[in-house]
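Trainee: Could we walk through this structure together, going from the whole fold down to a single strand?
Mentor: Happy to; let's put it on the screen.

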Amino acid sequence: MQFSNKVALITGGGSGLGWGIAKVLGERGANLALVDINHESVQKAAESLSSNGFSAAAFQADVTNDVEIRSCVNSIEHEIGAIDILVNSAGVIAESGFEDSQESSIEDWDITYAVNVKGTFIVSSAVAEGMKSRHSGKIVNISSHASRIGGPGQSAYGASKAAVLHLTQSQAMQYAPHNINVNVICPGSIWTPMWERIAEKNRRNDPNKSHMTGREIFLEQIENICPLKREQTPEDIGNAVAFFASDDAINITGQSLNVNGGTRMN
């Protein structure tokens with residue numbers, strides 16, 4: 001129960017990676033504030049966690065909207081308490097039509113930078129105000145191992161996640177005088193709704209994969225490129241988040257950690 005009496009805000013907490021991270025932090029005693037643009041999914045996620053004995057509350061907000069986020073942060077601090085841990089896990093891979101395209105569109109660039117980069121900045125800025133006044137806080141951003149190397153058809157997503165690495169270092173320098181640690185995790189291949197879209201794109205654009213299911217395409221990639229030959233899970237990322245958010249990482253800031261079975265090594 002290392003996070004007992006701690007409040008953790010997780011963006012994108014309504015499904016996938018965010019939900020998995022919330023589950024791990026909840027298991028370790030954190031009071032969870034799940035934030036998501038989708039009211040129905042975040043409400044169901046909070047109810048699911050609460051039914052398992054965790055303290056979880058749902059909040060609807062768009063991470064790209066500064067006014068909404070600041071109002072949301074105020075509500076969380078009023079209803080639950082001061083925010084000790086922030087996890088910026090809200091993210092998108094592309095706009096609709098991604099599955100049928102061969103390269104990133106202008107719309108892909110707009111939405112990935114709005115959510116993945118601008119959203120991370122907006123939420124961090126809002127939460128950091130309270131952390132600075134208390135001279136304490138942990139911020140963990142979520143990037144991707146796609147930020148480490150370019151790939152065809154996903155330039156907007158990869159570039160946006162590379163920007164998150166740079167943003168993390170800037171935040172770490174900016175908030176260090178206030179005793180706030182800022183680090184970033186680069187997840188590998190996780191079977192989430194985002195990866196389902198990648199698999200569908202591969203199936204539509206590669207004749208050799210047209211007969212395969214999305215899950216089969218995903219597992220084939222794990223076998224081909226992952227040295228440990230096993231997929232990563234949201235809980236794997238949650239465990240890494242828990243480390244960065246703990247006192248064990250008190251002297252770690254501005255650092256990035258791959259959690260990807262060795263697919264990218266740097």
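Trainee: Thanks! What share of the contacts in the protein with a separation of 6 or more comes from residues 24 or more positions apart?
Mentor: Keep in mind that this is a predicted model. The chain forms eight helices and seven strands. Among its contacts with a separation of 6 or more, the share from residues 24 or more positions apart is 73%.

Trainee: What radius of gyration does the protein have, set against that of a compact globule?
Mentor: The C-alpha trace spans about 55 × 40 × 35 Å along its principal axes. For 266 residues, a compact globule would come out near 18 Å, and the protein agrees with that because its own radius of gyration is 18 Å.

Trainee: How far apart do the centres of the positive and negative side chains lie?
Mentor: First, the surface: about 11900 Å² is exposed, with carbon and sulfur atoms supplying 49% of it. As for charges, there are 20 positive and 29 negative side chains, and the centres of these two sets are separated by 5 Å.

Trainee: Now strand E1: is it largely enclosed or open, and why?
Mentor: Buried here means under 20% relative accessible area. On one side of E1, Val7, Leu9 and Thr11 are buried, and on the other so are Ala8 and Ile10. Since five of the five residues in E1 (residues 7–11) are buried, the strand is largely enclosed.

Trainee: Which residue in E2 stands opposite Leu9?
Mentor: E1 pairs with strand E2 (residues 31–36) over five bridges, in the parallel sense. Within E2, the residue facing Leu9 is Ala33.

Note on methods: Residues numbered from 1 in each chain as written. Predicted model: local features only at pLDDT ≥ 70, side-chain atom pairs only at ≥ 80, totals over all residues. Heavy atoms only, no water. Helix = DSSP H or I, 4+ residues; strand = E, 2+ residues; numbered from the N terminus. Rg over C-alpha atoms; globule rule 2.2 N^0.38 Å. Contact = heavy atoms within 4.5 Å. Areas by Shrake-Rupley, 256 points an atom, 1.4 Å probe, with all protein chains shown as cover. Lys, Arg positive; Asp, Glu negative; His and termini not counted. Charge placed at Lys NZ, Arg CZ, Asp CG, Glu CD. Buried < 20%, exposed > 50% of the residue type's maximum accessible area, 1.4 Å probe, protein only. Pairing = 2+ DSSP bridges.
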